[in-house]
Amino acid sequence: MPIAEIETAPSPPKRAVVLIAKSAFAAAPHKQMQRLADLAATLPGVDHASFGFTEQGTPSLREALSALRQGEFSDILLLPLMLPVEPSFTAWLTKSLRRWQAEDDLPWPHVRIAHGLAESPLLPALMAELVAGGDAASPVPPLEKLTPEGSLVPAQKRRVLVCQGGPCNAAGADLVWGHLRNQQERLKLRVTGDGTMTAKSTCLGPCNLAPVLQVFPEGTYYGGVTETAIDRIVTEHLLGGVAVEDFAYQPTGRKQVLRDRPATGGGEQAR
């Protein structure tokens, strides 16, 4: 008598939620984000919740997504917690997600972006509760005497400016900035080698090469900058003193367009 085949029921879909904030520098806001993630994990239809930052702070959004790809999640919902949300936020976040998915051949779960807090019908009730609770807060006392404070002049010789003009922001400059700042902290760039300081900048000029940054004292322009480009610029230029020609653009007196980016492992090259 043949042995009946036992059909294995397919695993039910699993959903993860990633709470998104812009940046965090100290332990307290990280604890707040973890508390919110723990709360989100208790919501119906949520199997796991974590958080990530689009600017400075760890884990970065990309790191948070990379960790979730190791699990068996069929769906990831990104939940922005910022107010206000710039009109270009969803656009460049979508572009960044598509680029990350194209950089390797490994499968990705479905990734969706939720509406922002400002669009929630529950926001008025929350604001009313916060206003009512504010009556119990103590007034801020005035300062009796203004005492000047001193500052040290930075000893660092290198400067990296990350453009925050409209085209660069639309192309994901915030993610580039966040990755650079996280690497600066991880590698202690302020006190390593010649020492590096980083700063946001107004428009640096070559908008069609967005996102753009410039490294001093050489004044080297880099365009089409990605996280991979940042890693190479840090290692080869900031620490090694050699410009990364794959992403560098020299002043030629003629208009230039983005070159094909170097392949980063299996994905399509972006223009």
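At 30% relative accessibility, Glu 63 falls into the partly exposed class, and this residue makes a convenient point of entry into the predicted model. Glu 63 pairs with Arg 186 in a salt bridge whose closest N and O atoms are 2.4 Å apart. Because Glu 63 belongs to helix H2 (residues 61-68) and Arg 186 to helix H6 (residues 173-187), the bridge ties together parts that are 123 residues apart in sequence. Arg 186 is likewise partly exposed, having a relative accessible area of 38%.

This pair is part of a broader set, as 13 salt bridges are found in the structure. In general, side chains of opposite charge can pair when their charged atoms come close. A second example joins Glu 218 to Arg 158, with an N to O distance of 2.9 Å. Here too, distant parts of the chain are linked: Glu 218 sits in the loop between strand E7 (213-216) and strand E8 (220-222), Arg 158 sits in strand E5 (residues 158-163), and the two are 60 residues apart. How do the two partners fare in terms of burial, and which is buried or partly exposed? Glu 218 is partly exposed at 40% relative accessibility, whereas Arg 158 is buried, with a relative accessible area of 6%.

A further salt bridge brings Arg 99 and Glu 103 together, and their closest N and O atoms are 3.2 Å apart. Both of these residues are buried. Arg 99 and Glu 103 also take part in a network of salt bridges that includes Arg 62 and Glu 227.

Attention now turns to the strands, beginning with E3. Strand E3 (residues 75-80) is largely enclosed by the rest of the structure, because five of its six residues are buried. Strand E1 (residues 15-21) runs parallel to E3, and six bridges join the two. Within this pairing, Val 17 stands opposite Leu 77 of E3. E3 also pairs in the parallel sense with strand E4 (residues 110-113), this time over four bridges. Leu 77 appears here again, standing opposite Arg 112 in E4. Leu 77 thus faces Val 17 of E1 as well as Arg 112 of E4. Together with helix H3 (residues 89-102), strands E3 and E4 make up a β-α-β unit, and this unit is right-handed. Arg 99, one of the residues in the salt-bridge network, falls within the residue range of H3.

Another part of the model is an open sheet of five strands in the order E6-E5-E7-E8-E9, in which the pairing is mixed. At its edges lie strand E6 (196-201) and strand E9 (248-249), each of which pairs on one side only. Inside the sheet, E7 and E8 run antiparallel and are joined by three bridges. Gln 214 has Tyr 221 of E8 as its bridge partner. The loop between E7 and E8 is the one that holds Glu 218, the residue bridged to Arg 158.

Which helices accompany this sheet? H6 lies across E5, E6 and E7, and runs at about 165° to E6. Helix H7 (residues 227-238) packs on the sheet as well, touching E5, E6, E7 and E8, with a direction that makes about 15° with that of E7. Both helices carry residues already met above: Arg 186, the partner of Glu 63, lies in H6, while Glu 227, a member of the salt-bridge network, falls within the residue range of H7.

Definitions and conventions. Residues numbered from 1 in each chain as written. Predicted model: local features only at pLDDT ≥ 70, side-chain atom pairs only at ≥ 80, totals over all residues. Heavy atoms only, no water. Salt bridge = Lys/Arg side-chain N within 4 Å of Asp/Glu carboxyl O. Buried < 20%, exposed > 50% of the residue type's maximum accessible area, 1.4 Å probe, protein only. Pairing = 2+ DSSP bridges. Right-handed = clockwise from strand over helix to strand, strands pointing away. Contact = heavy atoms within 4.5 Å. Axes fitted to C-alpha atoms, helices over the stretch in contact; angles between N-to-C directions.
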